[in-house]
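Colleague: Before we discuss this model, may I see the sequence and the structure together? I should like to begin with the aromatic residues.

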Amino acid sequence: MLPRDITAGESWACRFTVTAMIDDEGNLYDSSGVEPGAVVAARPGEYHGVGVIVRRDVKQELLELRDTASGKHFVVEFARVTDIDRVEWIEE
């Protein structure tokens, strides 16, 4: 499935790749509370995650995703997402 084919008004998720600050294991680095100029144990690299689609811009071919692991929001190009599927919400 392609991002432009998803049905509006339904919950969708996908795998994505972005350039972000990551640790040695490839996990997203949490920079909250880090002073400007401080040395951190992170480097720029490719972060791979699963995100719920929050917003879609078909004209610019962009998705806003909420990463399921960190809760952070990322704006990702259509070309950088795969495995789009409906979200099945489970109430606990």
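Colleague: How many aromatic pairs does the structure hold?

Modeller: This is a predicted model. Rings of Phe, Tyr and Trp pair if their centres lie within 6.5 Å. The number of aromatic pairs in the structure is 3.

Colleague: Are the planes of F16 and F74 stacked, edge-to-face or tilted?

Modeller: The ring centres of F16 and F74 are 5.6 Å apart. Planes under 30 degrees apart count as stacked and those over 60 as edge-to-face. The planes of F16 and F74 meet at 40°, so the pair is tilted.

Colleague: How many residues apart in sequence are the parts that F16 and F74 tie together?

Modeller: F16 lies in strand β1 (residues 12–22), whereas F74 lies in strand β4. Both residues are buried. The pair therefore ties together parts whose separation in sequence is 58 residues.

Colleague: Which residues do the ring pairs link into a cluster?

Modeller: F74 also forms a tilted pair with Y47, at 6.2 Å centre to centre and 35° between the planes. Y47 in strand β2 is 27 residues from F74 in strand β4, and both are buried. The ring pairs thus link into a cluster F16, Y47 and F74.

Colleague: Which strands stand at the edges of the sheet, each with a single partner strand?

Modeller: The open sheet of 5 strands has antiparallel pairing and the order β4-β3-β2-β1-β5. One side of each edge strand is left without a neighbour in the sheet, because each has a single partner; these strands are β4 (73–77) and β5 (81–86).

Technical notes. Residues numbered from 1 in each chain as written. Predicted model: local features only at pLDDT ≥ 70, side-chain atom pairs only at ≥ 80, totals over all residues. Heavy atoms only, no water. Pairing = 2+ DSSP bridges. Helix = DSSP H or I, 4+ residues; strand = E, 2+ residues; numbered from the N terminus. Phe/Tyr/Trp six-rings, centres within 6.5 Å; stacked < 30°, edge-to-face > 60°. Buried < 20%, exposed > 50% of the residue type's maximum accessible area, 1.4 Å probe, protein only.
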